[in-house]
Amino acid sequence: MVCKCLLSRPYPREDESLPSYLLRLISANHYRNPVVLLQHLGASISNNRLPAKKIWFGEFDTQAVERCANLTHGTLGLMAAKHIESNALEVCGKRFREHAIRYNRLKVCPFCLIENRPIDLSNSLCAKTLCLIHGVKLLTQSPETGRALTWGTHYLLNKVTTWDVALSNVPIIDCEWGMNQAIDDALTTGFCTPSASLGKLDLSTLLDLLYFFARFNTRRWLAQNASIRNSFRKDENYINAFNILENWPVSFHNELKSFEHHPLSKRGKSGLRHYYRDIYDALYAPSIVSDCVKQLIRPVFEQYLTNAYPYPIMSSAIRLGDGVLHNSNTVNEKQACNILKCPPTRLKLYVRVGLLHPIAQFPNDNSWYHRIDVDRLGLTLDNAVSLTGCAQALCISNHQTRKLLTAELLPALIKPTRENRDWLIEKSEIQQLVGSLKARSTVARDPDLHGFKRQTFRGMDIVASIKAILSGTLNCKMVADPSQPLSLHQFVPIPSLAEHEKDFVSPKEASELVGANINAIYDWMKRGFISYQKRKVERTARPVKLISKSSLAQFKRKFRVGTPISATNRQSYTQVSGPNIDGACVKLYSRRCAGKLQPPSSPTNLSNLR
């Protein structure tokens with residue numbers, strides 16, 4: 001059967017969609033639904049189901065309908081929706097993405113239908129929930145049957161006058177009214193302003209934002225209310241989505257916080273993709289979300305990750321900007337090792353000794369830390385040295401440095417234990433020790449590089465000497481060395497006069513005072529010309545031979561080293577030691593006196609005479 005001309009032929013109205021016109025056309029001619037009209041026109045329809053999407057895009061014999069409705073050729077083609085991108089369309093001059101529209105389901109205002117108004121294009125938008133003309137909620141189900149309304153609902157426009165509904169009693173919250181008002185503003189003027197932070201948004205961007213947040217609101221709601229899924233309403237999630245836009249970006253940050261307790265992914269136990277997998281993929285991977293929406297949401301999402309995300313961001317999240325990875329509040333073990341430039345074993349050492357405290361541990365036993373703590377430790381380590389570095393700065397041996405550390409004259413960050421053999425000392429502690437010594441010293445010009453070494457001859461090691469200087473019981477002079485400002489060789493302890501007379505010198509120092517080489521000194525000590533003592537000092541394991549200054553002065557009064565210069569002097573001296581006499585390496589002369597001086601028969605060791 002072919003329908004040649006319809007009795008009632010309404011004309012399309014301005015900005016009316018193609019399904020809305022077909023619905024008015026079949027209602028005026030008392031067809032049950034558009035399927036019957038299309039079948040009369042010879043269309044083949046499977047299972048008697050209305051192909052709603054094909055109706056929207058005019059993928060049927062529009063010319064036959066135009067002939068029956070007495071319309072100009074091409075009128076229905078102009079009303080049909082058109083694909084302008086892979087996932088975007090244009091309807092009645094308005095552009096938005098396909099996910100923003102519901103092709104099959106229908107939402108109507110019964111009062112508008114009674115007043116013979118066409119079904120507005122906005123009623124097909126997923127986010128539209130109210131009729132602002134009458135201030136009531138849109139119906140999505142038939143009050144008679146309880147079934148969802150579609151473009152194929154039987155006698156929809158004819159039965160609307162018989163519906164007994166009390167829409168005025170349904171409460172409407174401010175946020176829902178604001179959402180519908182924003183949609184109408186974007187449809188009529190092209191722009192809307194949900195909040196000052198977002199600024200002006202066009203219709204497509206507004207619908208994309210609402211869809212983006214409603215989608216993840218749905219997942220969060222279902223995760224929190226798994227036992228009452230039957231009470232779920234999609235409209236509520238669009239209202240919550242608009243509430244996020246109204247309170248941008250605080251509400252979005254609160255939403256992200258909620259996903260930390262109800263992750264979007266069930267795989268894994270922690271990590272960025274565990275909590276925000278779908279949001280992360282939608283923002284940083286090719287998706288149905290427009291680039292404009294990504295540019296609006298990404299900065300706020302990254303701001304939350306930087307300032308409020310309580311877990312470290314893995315280095316594998318390469319899609320994020322470098323600023324997020326480098327400025328996040330927390331770091332994991334791998335990132336902490338990269339910041340401190342140390343292996344994981346060293347990082348665990350810092351944790352054991354209390355230099356770094358983890359926030360908590362992942363389920364896989366890896367810990368994470370506050371970035372500020374790791375950065376602070378990094379600065380501390382940059383201004384710290386090892387035992388060898390400390391010894392080099394002070395210009396003393398490792399043994400002496402270890403004694404200073406053990407005596408806590410130099411506080412250490414890390415001390416050797418069963419699990420650690422290293423020392424770590426802050427440079428500021430070294431500077432503080434040298435500064436304290438400078439404050440207790442007087443400036444001098446005559447350098448003496450054996451100050452603390454000579455103190456060992458007096459029975460005081462470096463620790464006792466420094467403690468005596470700092471306590472004020474031992475005087476000290478300082479010869480500044482600009483090339484080594486932290487050297488302890490700058491400081492020379494000054495003993496009292498009584499101690500100075502009892503002072504001892506080493507054979508090397510004696511060689512400098514006498515003007516002979518050290519081998520000659522040892523020869524004379526061996527042959528008894530110079531008295532010495534064997535004394536135990538801290539810097540060596542065995543006793544060392546030391547010469548008292550009084551003994552050395554006596555030697556210089558009695559003897560002359562080398563051949564006398566003049567003939568007169570030669571008559572005043574007698575050679576007592578030398579290569580031709582006793583095999584000594586240097587000639588030694590004694591002053592002539594009443595009796596000839598004879599060399600001692602055996603070496604004189606004062607320590608044996610005591």
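This report describes the overall make-up, the nonpolar cores, two helices and some salt bridges of a predicted model.

**Overall make-up**

The protein has 610 residues, and 47% of them count as buried. Its secondary structure consists of 28 helices and 19 strands. The exposed surface comes to about 32100 Å², of which carbon and sulfur atoms supply 49%. Contacts often link parts of the chain that are separated in sequence: among those between residues at least 6 apart, 58% join residues at least 24 apart.

**Nonpolar cores**

In soluble globular proteins, nonpolar side chains tend to be buried together. The largest nonpolar core in this model contains 101 residues. Within that core, the residues with the most contacts are F213, Y276, I279, F301 and L305. Helix α9, which runs from residue 203 to 224, gives the core nine residues, the largest share.

The surroundings of I279 can be listed. Leaving aside residues up to four places away in sequence, I279 touches F212, F216, L256, F259, L264 and F301. Apart from the largest core lies another one, of 26 residues, and C390, L404, L437 and L474 are among its members.

**Helices α16 and α17**

Helix α16 covers residues 344–352, and its residues L347, L349 and Y350 are buried. Viewed down the axis of α16, the buried residues fall within an arc of 155°, so they line one face of the helix. These buried residues pack against α15 (333–340), β8 (367–370) and α17. Just after α16 comes G354, which takes a positive phi of about 90°.

Helix α17 has 12 residues, 371–382. At 1.5 Å a residue, α17 should span 16 Å, and its end C-alpha atoms are indeed 16 Å apart, so the two values agree. Which residues of α17 are buried? They are R371, V374, L377, G378 and L381. These residues lie on the same side of α17 because they cover an arc of only 125° around the axis. An α-helix has 3.6 residues a turn, so residues three or four places apart point the same way. The face of α17 turned away from the buried side carries I372 and L379, which are exposed.

**Salt bridges**

A search of the whole structure finds 15 salt bridges. Three of them are given below with their N to O distances.

| Residue pair | N to O distance |
|---|---|
| E16 and R24 | 2.8 Å |
| D461 and K403 | 2.7 Å |
| R527 and D523 | 3.5 Å |

In the first pair, both E16 and R24 are buried.

The salt bridge between D461 and K403 links distant parts of the chain, with the two residues 58 apart. D461 sits in the loop between α21 (451–457) and α22 (462–471), while K403 belongs to helix α19 (residues 398–406). Are these two residues buried or exposed? D461 counts as buried because its relative accessibility is 16%, under the cut-off of 20%. K403 has a relative accessible area of 18%, so this residue is buried too.

R527 and D523 both belong to helix α25 (residues 518–527). Because they are four residues apart in that helix, about one helical turn separates them. D523 has 19% relative accessibility and therefore counts as buried. The pair is also part of a network of salt bridges that links D523, R527 and D582.

Definitions and conventions. Residues numbered from 1 in each chain as written. Predicted model: local features only at pLDDT ≥ 70, side-chain atom pairs only at ≥ 80, totals over all residues. Heavy atoms only, no water. Salt bridge = Lys/Arg side-chain N within 4 Å of Asp/Glu carboxyl O. Buried < 20%, exposed > 50% of the residue type's maximum accessible area, 1.4 Å probe, protein only. Expected span 1.5 Å × (residues − 1). Arc of directions from axis to C-beta. Core = buried A, V, L, I, M, F, W, Y, C linked by side-chain atoms within 4.5 Å. Contact = heavy atoms within 4.5 Å. Areas by Shrake-Rupley, 256 points an atom, 1.4 Å probe, with all protein chains shown as cover.
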